[in-house]
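I opened the model to look up a few things and kept notes as I went. The entries follow in the order I made them.

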Amino acid sequence: MTRPHPLFPYANKWLDLQNTTASWNARLRELARQHHFQEALNLYCQMLASGDSPNAFTFPFAFKSCASLSLPLAGSQLHGHVIKTGCEPEPFVQTSLISMYCKCSTIACARKVFDENPHSRNLAVCYNALIAGYSLNSRFSDAVLLFRQMRKEGVSVNAVTMLGLIPVCTGPIHLGFGTSLHACGVRFGLDGDLSVGNCLLTMYVRCGSVDFARKLFDGMPEKGLITWNAMISGYAQYGLAGHVLSLYRKMEFTGIVPDPVTLVGVLSSCAHLGAHAAGREVEQRIELSGFGFNPFLKNALINMYARCGNLVKARAIFDGMLEKNVISWTAIIAGYGMHGQGELAVQLFDEMISSGELPDGAAFVSVLSACSHAGLTEKGLYYFTAMERDYGLQPGPEHYSCVVDLLGRAGRLEEARKLIGSMSVEPDGAVWGALLGACKIHRNVELAELAFEKVIEFEPTNIGYYVLLSNIYSEAGNMEGILRVRVMMRERKLKKEPGCSYVEYQGRIHLFLAGDRTHPQAQEIYRMLDGLEDIIKRRGGSNDNDQESRNEELITGMGVHSEKLAIAFGLINTGPGTEITVMKNLRVCGDCHLFLKLVSEIVDRQLVVRDATRFHHFKNGVCSCKDYW
């Protein structure tokens with residue numbers, strides 16, 4: 001009979017201990033996987049209390065839990081346990097420890113862990129963890145230097161390295177480095193990795209190079225949902241709404257099923273374009289996909305319908321929401337504001353406060369803008385004061401811009417100028433532009449010149465401000481001033497964006513450019529316009545803004561403005577009593593505004609025009625903007 005080895009009992013005890021530790025680790029892994037991080041840390045404490053010892057497989061789950069809960073002190077205590085148990089050299093313990101410190105924003109501790117362990121300099125996983133940590137903490141230079149050190153040490157670069165490093169490129173200033181990383185990815189054979197491709201695509205968008213992003217997108221052999229979403233969101237971010245809708249159609253054709261992220265981007269573009277029919281299609285897709293209760297999509301639908309002119313539908317969606325957040329309230333308030341229904345916007349804002357929902361900066365922009373559009377001067381000033389006094393919110397340039405416009409509407413130009421001088425933040429182009437617009441309404445040439453000098457410092461290529469100043473000079477009979485503006489524009493090689501308007505009819509978009517004669521019904525359209533002009537003249541309708549229109553046409557070289565053509569098309573093709581809605585890319589000029597008021601009375605129709613800033617509802621010779629826009 002073979003005698004047992006004298007150490008056999010101790011070997012069994014060691015195996016039992018390992019089995020017990022493995023059981024704890026399995027439970028820790030499952031809790032961390034399910035994001036029950038506090039329970040995972042509680043279980044770790046129970047493990048210690050039971051007398052069982054953690055091993056190298058225990059700590060990554062515990063560190064992940066500390067990082068997710070942002071508990072740097074607990075993480076430091078765990079670090080002490082790592083040292084005590086001798087697990088520090090293990091690569092996966094090292095990486096989880098570095099990641100924990102980075103995610104807890106104690107980046108210096110992460111670097112110390114990396115520098116003090118001699119194994120780190122040879123391990124790609126350790127470099128990757130620290131590079132990703134630098135990226136997470138917006139430490140661009142440190143991430144780049146560590147990457148260079150990694151290459152110098154001859155440590156291999158992989159997809160994880162690129163995924164950690166590319167996100168440090170967050171703006172146009174980083175485009176050159178981002179392009180270099182793209183080249184590195186190709187050299188290392190990572191250009192076929194879908195995750196790396198998606199990351200590079202997002203980088204190009206963030207750096208403002210949408211064309212590079214699209215070129216990369218088109219060249220990717222494989223495109224997943226994330227790829228399509230990145231490109232669609234990129235176009236939406238830069239206001240390239242037409243590209244969004246075109247890409248969305250292509251995505252549908254390829255069989256990729258959109259998710260809520262896709263549909264939010266598409267809805268924002270429908271709102272931007274005023275593409276009512278396309279927006280309705282997206283709403284149907286939302287319902288068929290089972291996303292009907294998604295609050296982000298509900299908010300996007302409210303915004304889309306309001307900006308497409310269907311305020312009734314926007315309100316119905318808002319009222320039907322079981323839970324409304326500040327974004328929901330802001331969307332509907334902004335909708336009423338841009339339609340000139342400031343009283344209802346104010347009422348909704350007060351209801352939001354009563355419901356217990358705290359307004360944020362965007363909500364105050366919406367209500368201040370609504371007060372401005374509706375001429376609710378005192379109410380707007382009250383909200384502006386309450387913003388900081390009652391809610392501790394510091395006004396930004398966008399809030400001051402609304403208040404300058406509010407005071408300007410009321411003719412309180414000197415107060416508006418003094419407000420700009422007292423701003424706690426640097427006034428931007430929009431603030432000075434609001435003052436310039438007020439000077440146009442109240443014909444204050446001297447203050448207009450000051451506002452113009454300031455606004456073109458911020459937006460030297462915005463031709464709208466040059467046209468506005470020229471119109472101010474025109475109304476004052478200052479031909480020398482008009483000439484100066486034209487010389488400035490010629491010297492700076494500025495050309496106005498072509499005016500265009502479009503109308504939806506029988507499922508099609510009918511687009512008109514200024515002076516357009518290419519539409520199949522062009523002869524009938526111009527005949528209709530001539531007839532309307534004759535009726536206005538016979539009725540004795542005068543247009544004090546004719547000179548403004550002629551002046552703008554001289555400056556820009558445009559003919560009949562596009563909204564007139566679109567309205568005439570609508571009158572020809574729709575029956576009596578039908579509302580006509582037109583979308584325009586630029587601000588409505590004074591001549592067209594008066595013309596549309598008079599036409600609405602002649603034809604007894606409601607004519608709705610959405611220009612660059614708001615909706616104009618023309619009915620019975622009156623406009624909802626009360627002649628201030």
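**Salt bridges.** I counted salt bridges in this predicted model and got 22. I then went through several of them one by one.

I looked at Arg484 and Glu480, whose side chains meet with N and O 3.7 Å apart. Both sit in helix H28, residues 479-491, and being four residues apart they are separated by about one helical turn. I noted Arg484 as partly exposed, at 39% relative accessibility, and Glu480 as exposed, at 58%.

Next I took Lys564 and Glu533, where the closest N and O atoms of the salt bridge are 3.9 Å apart. Lys564 belongs to helix H31 (residues 562-573) and Glu533 to helix H29 (residues 522-538), so this pair ties together parts that are 31 residues apart in sequence. Buried or exposed, I asked of Lys564? Its relative accessibility is 9%, and since buried means under 20%, Lys564 counts as buried. Glu533 is partly exposed at 30%.

I then checked Glu563 and Lys584, which form a salt bridge at 3.0 Å, N to O. This pair links distant parts of the chain, with Glu563 in helix H31 and Lys584 in strand S3, 21 residues apart. Glu563 is buried with a relative accessible area of 0%, and Lys584 is buried with 9%.

I also found a network of salt bridges that links Arg249, Glu252, Glu281 and Arg285.

**The sheet.** Lys584 took me to strand S3, so I followed the strands, a choice of route that rests on where Lys584 lies. In what order do the six strands of the open sheet run? I read S2-S1-S3-S4-S5-S6, with mixed pairing. Strand S2 (508-513) and strand S6 (622-623) are at the edges; each has a single partner strand, so one side of each lacks a neighbour in the sheet.

Strand S3 (residues 580-584) runs parallel to S4, and four bridges join the two. Ile580 is opposite Leu607 of S4. Helix H32 (residues 590-603) completes a right-handed β-α-β unit with S3 and S4.

On its other pairing, S4 runs antiparallel to strand S5 (residues 615-619), again through four bridges. Val608 faces His617 of S5. S4 and S5 make a hairpin, with four residues between them.

I looked at the side chains of S4, residues 607-610: Leu607 and Val609 point one way, Val608 and Arg610 the other, and all are buried.

**Helix H15.** S4 is among the elements that cover the buried residues of H15, together with helices H13, H14, H16 and H17. Those buried residues include Leu263, Val266, Leu267 and Cys270. I checked the length: 14 residues at 1.5 Å a residue should span 20 Å, and the end C-alpha atoms are 20 Å apart, which agrees.

At the N-terminal end of H15, Asp259 acts as a cap, with a side-chain oxygen 3.1 Å from the backbone nitrogen of Val261. Just after the helix, Gly274 has a positive phi of about 75°.

**Asp52.** I ended with Asp52, in the loop between helix H2 (37-49) and helix H3 (59-69). Asp52 counts as buried at 15% relative accessibility. The side chain of Asp52 makes a polar contact with that of Ser50, at 3.2 Å. From Asp52 to Leu267 I noted 56 Å in space, C-alpha to C-alpha, and 215 residues in sequence.

Methods:
Residues numbered from 1 in each chain as written. Predicted model: local features only at pLDDT ≥ 70, side-chain atom pairs only at ≥ 80, totals over all residues. Heavy atoms only, no water. Buried < 20%, exposed > 50% of the residue type's maximum accessible area, 1.4 Å probe, protein only. Pairing = 2+ DSSP bridges. Right-handed = clockwise from strand over helix to strand, strands pointing away. Polar contact = N/O pair within 3.5 Å; in protein donor to acceptor, adjacent residues only side chain to side chain. Expected span 1.5 Å × (residues − 1). Contact = heavy atoms within 4.5 Å. Salt bridge = Lys/Arg side-chain N within 4 Å of Asp/Glu carboxyl O.
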